[in-house]
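The following paragraphs offer a guided reading of a structural model. Please keep the sequence and the three-dimensional view at hand while reading.

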Number of protein chains: 2
Amino acid sequence: MVREALAALLGLEGDIEVVAQVARGEDVVGAARDAGAQVALLDIEMPGAMTGLDAAAAVRAELPQVRVVIVTTFGRPGYLRRAMEAGADAFLVKDAPAGQLAEAVRRVLRGEKVIDPVLAAAALSEGADPLTPRERDVLRAAADGSLNADIARRLHLSEGTVRNYLSTAIQKTAARNRAEAVRIALERGWL
Amino acid sequence: MVREALAALLGLEGDIEVVAQVARGEDVVGAARDAGAQVALLDIEMPGAMTGLDAAAAVRAELPQVRVVIVTTFGRPGYLRRAMEAGADAFLVKDAPAGQLAEAVRRVLRGEKVIDPVLAAAALSEGADPLTPRERDVLRAAADGSLNADIARRLHLSEGTVRNYLSTAIQKTAARNRAEAVRIALERGWL
DNA sequence: TCCCGCGGATGACAGATGTCATGGGTGTGG
DNA sequence: CCACACCCATGACATCTGTCATCCGCGGGA
């Protein structure tokens with residue numbers, strides 16, 4: 001519904017034409033190629049296995065002439081960082097005024113980058129993700145309230161190892177327990 | 001951005017006119033009255049103190065002739081229940097096709113109720129919220145990973161009492177610890 | 001009147017969690 | 001070759017968490 005609504009909004013602009021819409025990240029590259037798109041507008045949170053950031057990287061790799069605009073619900077600095085690493089040209093949050101959307105499309109077509117300066121500052125001041133891949137796995141597995149034993153079974157680890165990884169993750173996030181660590185890592189876009 | 005986009009979408013329909021838009025729940029009743037709206041379209045998750053459900057109840061109380069359509073990101077059965085209790089005429093989730101939005105507006109104007117039958121069945125089979133107000137408070141306070149001592153201080157309770165309330169909440173949600181209880185209660189729309 | 005649910009509290013106990021020291025193996029870069 | 005980071009594990013320990021029994025006071029129904 002939101003996708004179709006944003007398409008309607010862009011369609012009202014005389015100089016912009018919506019040439020394709022897809023629901024899943026896996027379908028982005030194909031649709032963009034078939035429709036001859038000049039700009040791809042992607043949400044980070046999408047159904048399916050592929051996130052909008054993955055789709056952005058795929059577009060950048062396979063259709064380098066296509067500009068990528070990321071629109072997301074959550075203005076997490078970590079998202080911005082990862083979007084830039086994935087090769088995005090613009091990064092917008094959904095609670096920005098609607099006019100910024102069309103404006104961003106026009107500007108990336110002129111070769112400009114479009115980034116909220118406040119968010120950019122936050123992303124830079126925050127520092128990079130300090131978690132190792134395994135710490136991320138364990139933290140993600142702990143997010144739903146699983147017991148250490150469950151996590152150990154799911155990741156084929158010993159229970160003590162799970163405790164060790166969680167302990168380091170808790171310290172790196174400056175949290176006091178796993179729940180706080182999960183919340184902080186989520187806010188920072190590290191999961 | 002999403003609000004303006006949905007307004008653009010509805011504006012494309014010949015028989016529907018968007019007469020007002022507001023960002024915060026507190027402004028809904030005033031704007032609906034001033035604009036002479038026939039239908040109020042409300043999101044549950046809104047900035048400001050007033051949720052969309054509160055706004056729905058306010059509209060129902062002060063402008064009884066105005067139909068209320070709830071649109072929400074999360075199709076939680078508890079949300080549906082609370083929306084109906086607040087006097088909503090329609091309940092839509094945002095990942096439904098865009099056409100359903102205009103269709104719902106037309107149908108509530110004809111006096112019909114619009115509810116996804118799958119969600120209705122889920123809401124009925126799930127049973128009502130079993131939590132007492134205090135259990136809800138404590139569970140909400142525990143959601144961010146606070147220690148028992150923090151929660152006790154924040155709610156002016158003893159630490160043991162916090163443990164007791166959490167224990168009963170954990171049993172009522174059939175969870176194994178507080179984190180799981182929080183997740184389940186959130187999914188059910190009990191918080 | 002009596003019972004029951006709710007709010008609030010205490011104490012005791014078992015189990016889960018977080019920390020630390022310490023060990024091993026692997027791979028990568030200087 | 002050595003240092004270093006990462007991965008995985010164990011054991012010990014302190015603390016936090018979850019459960020249970022038990023108590024008090026209050027108010028609403030039967």
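A suitable place to begin is a polar atom in the side chain of Asn177(B), which lies 2.9 Å from the backbone oxygen of Gly145(A). The model under discussion is a predicted one. Asn177(B) belongs to the loop between H9 and helix H10 (178-188) of chain B. A polar atom of the Asn177(B) side chain also lies 3.0 Å from the backbone nitrogen of Glu180(B). Apart from neighbours within four places in sequence, the residues in contact with Asn177(B) are Gly145(A), Leu147(A) and Ile170(B). Is Asn177(B) buried or exposed? Asn177(B) counts as buried because its relative accessibility is 18%, and the cut-off for this class is under 20%.

Helix H10 of chain B also contains Ala181(B). The relative accessibility of Ala181(B) is 0%, and therefore this residue too counts as buried. When residues up to four places away in sequence are set aside, Ala181(B) touches Leu139(B), Ile170(B), Thr173(B) and Ala175(B). Ile170(B) thus appears among the contacts of Ala181(B) as well as among those of Asn177(B). Leu139(B) stands 42 residues from Ala181(B) along the chain, yet the C-alpha atoms of the two are separated by 7.8 Å.

The discussion now turns to the nucleic acid. Which residues come closest to DNA strand C? They are Arg178(A), Thr132(B), Arg134(B), Asn164(B) and Tyr165(B), out of 19 residues that surround the strand. Of the atoms of DNA strand C that come within 4 Å of the protein, 63% belong to sugar and phosphate. The surface near DNA strand C receives at least two residues each from helix H9 (159-172) of chain A and from helix H7 (133-142) and helix H9 (159-172) of chain B. By residue class, this surface comprises 5 nonpolar, 10 polar and 4 charged residues.

Individual side chains show how both backbone and base atoms of DNA strand C are approached. A polar side-chain atom of Asn148(A) is placed 3.2 Å from a phosphate oxygen of the strand, and one of Thr161(B) is 3.4 Å from a phosphate oxygen. Asn164(A), by contrast, has a polar side-chain atom 3.0 Å from a base nitrogen of DNA strand C.

DNA strand D is likewise surrounded by 19 residues, of which Thr132(A), Arg134(A), Ser158(A), Tyr165(A) and Arg178(B) come nearest. Here sugar and phosphate make up 62% of the strand atoms that come within 4 Å of the protein. Helix H7 (133-142) and H9 of chain A, along with H9 of chain B, each contribute at least two residues to the surface near DNA strand D. That surface consists of 5 nonpolar, 10 polar and 4 charged residues. Phosphate oxygens of DNA strand D lie 2.8 Å from a polar side-chain atom of Thr132(A) and 3.4 Å from one of Tyr165(A). From chain B, an N or O atom in the side chain of Ser167(B) is 2.9 Å from a phosphate oxygen of the strand.

Chain A offers further features. Asp43(A) is part of strand S1 (residues 39-43), and its side chain makes a polar contact of 2.7 Å with the side chain of Lys94(A). The Asp43(A) side chain also reaches the backbone nitrogen of Glu45(A) at 3.2 Å. Beyond residues up to four places away in sequence, Asp43(A) touches Gly52(A), Val71(A), Thr72(A) and Lys94(A).

Helix H4 (residues 77-85) of chain A has as its buried residues Pro77(A), Gly78(A), Tyr79(A), Leu80(A) and Ala83(A). These residues pack against helix H3 (52-62), strand S2 (67-72), S3, S4, helix H6 (117-126) and helix H10 (178-188) of chain A. Just after H4(A), Gly87(A) adopts a positive phi of about 95°.

The last feature is the second largest pocket, whose volume is about 180 Å³. Strand S3 (90-93), helix H5 (99-109) and strand S4 (114-115) of chain A each provide at least two of its lining residues. Which element gives the most to this lining? H5(A) does, with 4 residues. Among the lining residues are Phe91(A), Val93(A), Gln100(A), Arg107(A), Ile115(A) and Leu119(A). The lining divides into 8 nonpolar, 1 polar and 3 charged residues.

Methods: Residues are numbered from 1 along each chain as its sequence is written. Chains are lettered from A and ligands numbered from 1 in the order in which they are written. This is a predicted model: local features need pLDDT of at least 70, side-chain atom pairs count only at pLDDT 80 or more; totals for chains, interfaces and linings use all residues. Side-chain values use heavy atoms; hydrogens and water are left out. A polar contact is a pair of N or O atoms within 3.5 Å; within protein, one must be able to donate a hydrogen and the other to accept it, and residues adjacent in sequence count only if both atoms are side-chain atoms. Contact means heavy atoms within 4.5 Å. A residue is near a molecule or strand if one of its heavy atoms lies within 4 Å of it. Ala, Val, Leu, Ile, Met, Phe, Trp, Tyr, Cys and Pro count as nonpolar, Asp, Glu, Lys and Arg as charged, and the others, Gly among them, as polar. Buried means under 20% relative accessible area, exposed over 50%, partly exposed in between (1.4 Å probe, protein chains only). On a 1 Å grid over the protein atoms alone, a cavity is a set of points where a 1.4 Å probe fits but cannot get out, and a pocket is an open set with protein on both sides within 12 Å along at least five of seven lines; lining residues have an atom within 4 Å of a point. Grid points are joined across faces, edges and corners, and a volume is the space filled by probe spheres set on the points.
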